[in-house]
Amino acid sequence: MEKVKDALTHIRAILKETPIIFTFRSAKEGGEREIGLEYYIELNKAIIETGNADMIDIELFNEEKVIQILVEKA
């Protein structure tokens, strides 16, 4: 998680005013890796807390309560 946050910080420093969309694409959504639901929630919360992403892409295949938690956090 720290490496992802560090990478986002470096990307933000380079792109400055360019909008950044953060997404973690799970294997079931066509991504490279599968992670547990709790880690997915914590990862997205951590990214929201950095303030370095302008938008968070939340997978629609998540439970409604997960989507609601992350939308409220954002």
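Okay, let's start with charges: the salt bridge count here comes to seven. Keep in mind that this is a predicted model.

Take helix α1 first. Glutamate 2 and lysine 5 pair up through their side chains, 3.2 Å from N to O. Both sit in α1, three residues apart, so about one turn of the helix separates them. Lysine 5 is partly exposed, at 22% relative accessible area.

You get a similar story in helix α2. There, lysine 45 and glutamate 42 form a salt bridge at 4.0 Å, N to O. What's the spacing between lysine 45 and glutamate 42 in helix α2? They're three residues apart, which is about one helical turn. As a general point, an α-helix has 3.6 residues a turn, so residues three or four places apart point the same way. Lysine 45 comes out partly exposed at 24%, and glutamate 42 is partly exposed too, at 37%.

Then there's glutamate 63 with lysine 65, another salt bridge, at 4.0 Å from N to O. Glutamate 63 is partly exposed, because its relative accessibility is 43%, while lysine 65 counts as exposed at 54%. And Arg25, Glu29 and Asp57 are tied together in a salt-bridge network.

Now, back to α1 for a residue I like: arginine 12. Helix α1 covers residues 2–15, and arginine 12 is in it. Is arginine 12 buried or exposed? Buried, because its relative accessibility is 14%, and the cut-off for buried is under 20%. So who does the arginine 12 side chain talk to? The side chain of aspartate 54, in a polar contact at 2.6 Å. If you skip neighbours within four places in sequence, arginine 12 also contacts Glu17, Thr18, Ile20 and Asn52, besides Asp54.

As for the helix itself, α1 has 14 residues and runs 20 Å from first C-alpha to last, close to the expected 20 Å. Just after α1, lysine 16 takes a positive phi, about 45 degrees.

Last stop, the inside. Nonpolar side chains in soluble globular proteins tend to be buried together. Here the largest nonpolar core has 12 residues, among them Leu8, Ile20, Phe22, Phe24, Tyr40 and Leu70. Two elements, α2 (37–50) and α3 (64–73), give two or more residues to this core, and α2 supplies the largest share, four residues.

Tyrosine 40 is worth clicking on. Leaving out residues up to four places away in sequence, tyrosine 40 touches Phe24, Ile35, Asp57, Ile58, Glu59, Asn62 and Leu70. Asp57 we've already met, in the network with Arg25 and Glu29.

Definitions and conventions
Residues are numbered from 1 along each chain as its sequence is written. This is a predicted model: local features need pLDDT of at least 70, side-chain atom pairs count only at pLDDT 80 or more; totals for chains, interfaces and linings use all residues. Side-chain values use heavy atoms; hydrogens and water are left out. Buried means under 20% relative accessible area, exposed over 50%, partly exposed in between (1.4 Å probe, protein chains only). A polar contact is a pair of N or O atoms within 3.5 Å; within protein, one must be able to donate a hydrogen and the other to accept it, and residues adjacent in sequence count only if both atoms are side-chain atoms. Contact means heavy atoms within 4.5 Å. The expected span of a helix is 1.5 Å times one less than its number of residues. A nonpolar core is a set of buried Ala, Val, Leu, Ile, Met, Phe, Trp, Tyr and Cys residues joined through side-chain atoms within 4.5 Å.
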